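Thanks, everyone; I would like to take a few minutes on the surroundings of the ligand and then turn to the aromatic rings. Please have the sequence and the structure open as I go.

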Amino acid sequence: MSGDLPPLREVVARHGLSAKKSLGQNFLFDLNLTGKIARAAGPLDEATILEIGPGPGGLTRTLLAQGAKKVIAVERDDRCLAALEEIAGAYPGRLEVFAGDALTLDYPAFVAERATEGPVRICANLPYNIGTQLLTTWLTLDAWPPFYDRLVLMFQREVAERIVASPRERADYGRLGVLANWRCATRILFDVPPSAFTPPPKITSSVVELRPRSAPVPCEVKSLEAVTLAAFGQRRKMLRQALKSLPGVGDPAPLLEEAGIAPTRRAEEIDVEGFCALARAFSRRRA
Ligand code: SAM
């Protein structure tokens with residue numbers, strides 16, 4: 001840790017950074033914990049790290065202290081910018097702060113303009129209210145393999161379980177699990193108790209790792225999104241019924257037959273390969 005930086009609690013008090021619930025602000029002050037998250041994103045010395053929602057910069061300064069070549073930090077709350085500029089001053093040329101909304105970025109272009117040579121990773125304690133939306137954006141990029149070689153992200157435990165779920169764990173298994181495991185190898189690295197945050201949230205959190213697969217099962221992302229939306233939109237119904245909501249399909253029986261899936265099966269019983277077969281059949285139908 002750079003000796004020039006004051007303790008985080010002091011920074012938060014000096015800049016009046018009282019946590020705003022509307023921005024999903026639950027800050028981490030425990031540097032052992034930020035160290036554990038940063039290590040999960042390592043080795044860092046050749047890497048550009050994209051951090052969404054640095055807040056007062058606990059994880060940011062740890063990533064830099066552990067040797068990240070560059071950190072690009074996207075923060076929507078202008079109140080945090082002065083604290084982040086102090087960190088940038090302690091690590092000259094290695095922290096770029098972008099004041100803006102992470103939901104509106106064109107990520108491949110944004111990163112291409114800013115990253116240095118070497119791998120790009122996303123590492124963040126995400127704002128809970130937009131975590132799944134951001135992850136879905138990063139999983140449904142047109143280009144694959146994507147611009148990042150790993151995601152190390154904090155979510156609510158319940159969302160983390162949905163990300164890593166397989167058809168055997170039916171309650172958690174849904175669209176997010178299909179998209180995530182289609183394109184990435186996923187695992188929960190460790191849990192983080194509410195007491196680790198200021199203010200403490202009501203629920204336990206988990207850090208999840210997603211590593212892009214070099215060659216996911218072939219299918220078009222838009223078709224996979226459409227079939228999973230229809231199938232899990234009515235997850236208790238048989239697919240011959242649930243898939244009627246797919247645009248332009250009418251009777252889903254031929255589509256299911258083409259994908260080799262019995263029409264009486266339900267979404268929660270179909271694995272990623274099965275959904276990819278359905279998506280391919282749907283793409284052919286649309287063409
Ligand atoms: N990384 C810090 C930490 O671990 O202490 C803060 C994490 S806090 C859970 C989420 C952060 O995301 C907050 O700083 C919040 O202001 C920021 N944030 C919320 N919505 C955002 C958005 N749409 N774009 C960018 N940042 C956002």
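By class, the shell around the ligand is made up of nine nonpolar, seven polar and five charged residues, and I should say at once that this is a predicted model. In total, 21 residues surround the ligand, and the closest are L28, G53, E75, D101 and N125.

Which residues, then, place a polar atom 2.8 Å from a nitrogen atom of the ligand? One of them is G53, through a polar backbone atom at 2.8 Å from a ligand nitrogen, and another is D101, where an N or O atom in the side chain is 2.8 Å from a nitrogen atom of the ligand. On the oxygen side, a polar side-chain atom of Q25 lies 2.8 Å from an oxygen atom of the ligand. Taken alone the ligand exposes 600 Å², and the protein buries 98% of that.

As for where the ligand sits, it is in the largest pocket, and the elements that give two or more residues to the shell around it are β1, residues 27-28, and β3, residues 70-75.

Let me move on to the aromatic rings. The structure holds six aromatic pairs, and one that I would like to show is formed by Y107 and W138, whose ring centres are 5.6 Å apart and whose planes stand at 85°, so the pair is edge-to-face. Because Y107 lies in helix α5 (residues 107-114) and W138 in helix α6 (residues 131-139), this pair ties together parts that are 31 residues apart in sequence.

Definitions and conventions: Residues are numbered from 1 along each chain as its sequence is written. This is a predicted model: local features need pLDDT of at least 70, side-chain atom pairs count only at pLDDT 80 or more; totals for chains, interfaces and linings use all residues. Side-chain values use heavy atoms; hydrogens and water are left out. A residue is near a molecule or strand if one of its heavy atoms lies within 4 Å of it. A polar contact is a pair of N or O atoms within 3.5 Å; within protein, one must be able to donate a hydrogen and the other to accept it, and residues adjacent in sequence count only if both atoms are side-chain atoms. Accessible areas come from the Shrake-Rupley method with a 1.4 Å probe; for residues, only the protein chains shown count as cover. On a 1 Å grid over the protein atoms alone, a cavity is a set of points where a 1.4 Å probe fits but cannot get out, and a pocket is an open set with protein on both sides within 12 Å along at least five of seven lines; lining residues have an atom within 4 Å of a point. A molecule sits in a cavity or pocket if more than half of its atoms lie within 2 Å of its grid points. Helices (H or I, at least four residues) and strands (E, at least two) are DSSP runs, numbered from the N terminus. Ala, Val, Leu, Ile, Met, Phe, Trp, Tyr, Cys and Pro count as nonpolar, Asp, Glu, Lys and Arg as charged, and the others, Gly among them, as polar. Rings of Phe, Tyr and Trp (its six-membered ring) pair if their centres lie within 6.5 Å; planes under 30 degrees apart count as stacked, over 60 as edge-to-face and the rest as tilted.
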